[in-house]
Amino acid sequence: MEFEHLGVRPRIHPDAVVSPSAVISGDVEIGGGCQILHGAVITSEGGAVTLGTNVIVMENALIRATATNPVHIGDHVLVGPMARLSGATVEDEVFLATGTRVFNERHEEIWAAQRELDFPGYVFGLDRDTPDLMVQLTERYGRSLARHAHDRRTD
């Protein structure tokens, strides 16, 4: 569902796939190859939200910008289910695990907690040392998720 908010409509690249149960509201720009899954909410409460290319926003994730804190998510980023981002910048090729909370970005603290967890190997079977790990992960996973492009509501 798309909503105009504060006079601004979302801008969604034609190659992006947005689930019909996702909510996209206001000054939101979604890049090519993005996958926005069921229940995700991406909302601009006065500040811009920009998603680069091949960003995957999984089920029930919340991304919110405020008037003083916009959100920018780089290319080839995976935002896990139930993740929450508010007023943050996420660089290219980042994996934000299930339930991650990012508020105005405290990178060193977050990385210290995640360094030893090997999410790419455990969840996707990819070697963490691959030079273009997140490019491979988001493109491969995005192609798999794109099968939702033709989902039809049945009720």
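Begin by selecting M82: with a relative accessibility of 40%, this residue counts as partly exposed. The model on the screen is a predicted one. M82 is found in the loop that links strand 12 to strand 13 (84–86). Its backbone deserves attention, for M82 is not a glycine and yet has a positive phi of about 65°. Most residues other than glycine have a negative phi.

Next, select H76. This residue belongs to the loop between strand 11 and strand 12 (78–79). Its phi is also positive, near 55°, and H76 is likewise a residue other than glycine. Is H76 buried or exposed? Its relative accessible area is 9%; the cut-off for a buried residue is under 20%, so H76 is buried.

Now move to P70, in the loop that connects strand 10 (62–66) with strand 11 (71–73). The relative accessibility of P70 is 46%, and this residue counts as partly exposed. Add G87 to the selection. Along the chain P70 and G87 are 17 residues apart, but a distance of 5.0 Å separates their C-alpha atoms. Which residues does P70 touch, if its neighbours within four places in sequence are left aside? The contacts of P70 are A48, A65, G87 and A88.

From this loop, step back to strand 10 and display it together with strand 7 (residues 41–45). The two strands run parallel and are joined by five bridges. Within this pair, select E45 and then T66 in strand 10, since the two residues stand opposite each other.

Strand 10 has a further partner to display: it pairs with strand 13 in the parallel sense, over three bridges. To find one place where these strands meet, select L62 and R84; R84, in strand 13, is the bridge partner of L62. In a regular strand the side chains alternate between the two faces of the sheet.

Turn now to another group of strands. An open sheet is formed by five strands with parallel pairing, in the order 3-6-9-12-15. Which strands lie at its edges? They are strand 3 (17–18) and strand 15 (95–96), each of which pairs on one side only. Starting from the edge at strand 3, select strand 6 (residues 35–36) as well: two bridges hold this pair together in the parallel sense. Within it, V17 is placed opposite Q35 of strand 6.

Finally, show the whole chain. How many helices and strands does it contain? The chain has three helices and 16 strands. Its radius of gyration is 15 Å, close to the 15 Å given by the globule rule for 155 residues, so the chain is as compact as a globular protein of that length. Along the principal axes, the C-alpha atoms fill a box of roughly 45 × 40 × 25 Å.

With the full chain still in view, colour the residues by burial: 41% of the 155 residues are buried. If the surface is displayed, its accessible area comes to about 8400 Å², and carbon and sulfur atoms account for 51% of this. Colouring by charge brings out 13 positive and 22 negative charges, whose mean positions are 7 Å apart. As a last step, consider the contacts between residues at least 6 apart in sequence: 13% of these join residues at least 24 apart.

Conventions
Residues numbered from 1 in each chain as written. Predicted model: local features only at pLDDT ≥ 70, side-chain atom pairs only at ≥ 80, totals over all residues. Heavy atoms only, no water. Pairing = 2+ DSSP bridges. Helix = DSSP H or I, 4+ residues; strand = E, 2+ residues; numbered from the N terminus. Rg over C-alpha atoms; globule rule 2.2 N^0.38 Å. Buried < 20%, exposed > 50% of the residue type's maximum accessible area, 1.4 Å probe, protein only. Contact = heavy atoms within 4.5 Å. Areas by Shrake-Rupley, 256 points an atom, 1.4 Å probe, with all protein chains shown as cover. Lys, Arg positive; Asp, Glu negative; His and termini not counted. Charge placed at Lys NZ, Arg CZ, Asp CG, Glu CD.
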